[in-house]
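Me: I would like a close look at one part of this protein: the core. Please start with the chain as a whole and then go inward, step by step.

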Amino acid sequence: MMGGMLESRIALSAKLHFVYSSPNILFYDMDTCMLGHLADPCVGGVTYDGYHLNIDDTPKGADADDTF
């Protein structure tokens, strides 16, 4: 089981890559970026489709928006 607290989508993106590459992790609950954040200064990374998490296959990954 993999879970999360109130981390950013940058951390969530790294954790989701780990989950998808680890066959021993059967369940995950990582919707916390949708709870309580007033702003999202993240560029790229995980996207949500309802409660389904999607991760982009491009090597650019997730980063912080320095103009935020």
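Reply: Start with contacts along the chain. Take those in the protein chain with a separation of 6 or more: 54% of them join residues 24 or more positions apart. Keep in mind that this is a predicted model.

Next, the elements. The protein chain has one helix and six strands. Read from the N terminus, their order is β-α-β-β-β-β-β. The chain has 68 residues, and 26% of them are buried.

Now go to the core. In soluble globular proteins, nonpolar side chains tend to be buried together. Here the largest nonpolar core is made of nine residues: M2, L12, L16, V19, I25, M30, V46, L53 and I55. The top contributor is helix α1, residues 9-21, which supplies three of them.

Take M2, one of the core residues. Neighbours within four places in sequence are left aside here. Beyond them, M2 is in contact with K15, F18, V19, I25, F27, Y28, D29 and M30. Three names in that list, V19, I25 and M30, belong to the core as well. Others, including K15, F27 and Y28, lead to further features, so keep M2 in view as a starting point.

Follow K15 first. Its side chain meets that of E7 in a salt bridge, at 3.0 Å from N to O. The structure holds one salt bridge. Are its two partners buried or exposed? Both E7 and K15 are buried.

Follow F27 next. This contact of M2 sits in the loop between α1 and β2 (28-29). F27 counts as exposed because its relative accessibility is 57%, and the cut-off for exposed is over 50%. F27 joins M1 and L26 in a nonpolar patch on the surface. Together the three have about 420 Å² of accessible area. For scale, the protein chain exposes about 4,900 Å², with carbon and sulfur atoms supplying 60% of that area.

Then follow Y28, also in contact with M2. Y28 forms an aromatic pair with Y20. A pair of aromatic rings is described by the distance of the centres and the angle of the planes. For this pair the centres are 6.3 Å apart, the angle between the planes is 75°, and the arrangement is edge-to-face. How exposed are the two rings' residues? Y20 is partly exposed, at a relative accessible area of 43%. Y28 is partly exposed too, at 34%.

Return to the helix and to another core residue, V46. R9 is found in helix α1. From R9 to V46 is 37 residues in sequence, while their C-alpha atoms are 6.4 Å apart in space. R9 is buried because its relative accessible area is 13%, and the cut-off for buried is under 20%.

Finally, look at the far end of the chain's list of strands. A64 lies in strand β6, residues 62-64. A64 is partly exposed, with a relative accessible area of 45%. Leaving aside neighbours within four places in sequence, A64 is in contact with I10 and P41. A64 and S8 are 56 residues apart in sequence, yet 9.5 Å apart from C-alpha to C-alpha.

To recap, start from M2. This core residue contacts K15, F27 and Y28, among others. K15 takes you to the salt bridge with E7. F27 takes you to the surface patch with M1 and L26. Y28 takes you to the aromatic pair with Y20.

Key: Residues are numbered from 1 along each chain as its sequence is written. This is a predicted model: local features need pLDDT of at least 70, side-chain atom pairs count only at pLDDT 80 or more; totals for chains, interfaces and linings use all residues. Side-chain values use heavy atoms; hydrogens and water are left out. A nonpolar core is a set of buried Ala, Val, Leu, Ile, Met, Phe, Trp, Tyr and Cys residues joined through side-chain atoms within 4.5 Å. Buried means under 20% relative accessible area, exposed over 50%, partly exposed in between (1.4 Å probe, protein chains only). Helices (H or I, at least four residues) and strands (E, at least two) are DSSP runs, numbered from the N terminus. Contact means heavy atoms within 4.5 Å. Accessible areas come from the Shrake-Rupley method with a 1.4 Å probe; for residues, only the protein chains shown count as cover. Patches are made of residues with over 30% relative accessible area and no salt bridge: like charges are joined within 9 Å, nonpolar side chains (Val, Leu, Ile, Met, Phe, Trp, Tyr) within 5 Å. A salt bridge is a side-chain nitrogen of Lys or Arg within 4 Å of a carboxyl oxygen of Asp or Glu. Rings of Phe, Tyr and Trp (its six-membered ring) pair if their centres lie within 6.5 Å; planes under 30 degrees apart count as stacked, over 60 as edge-to-face and the rest as tilted.
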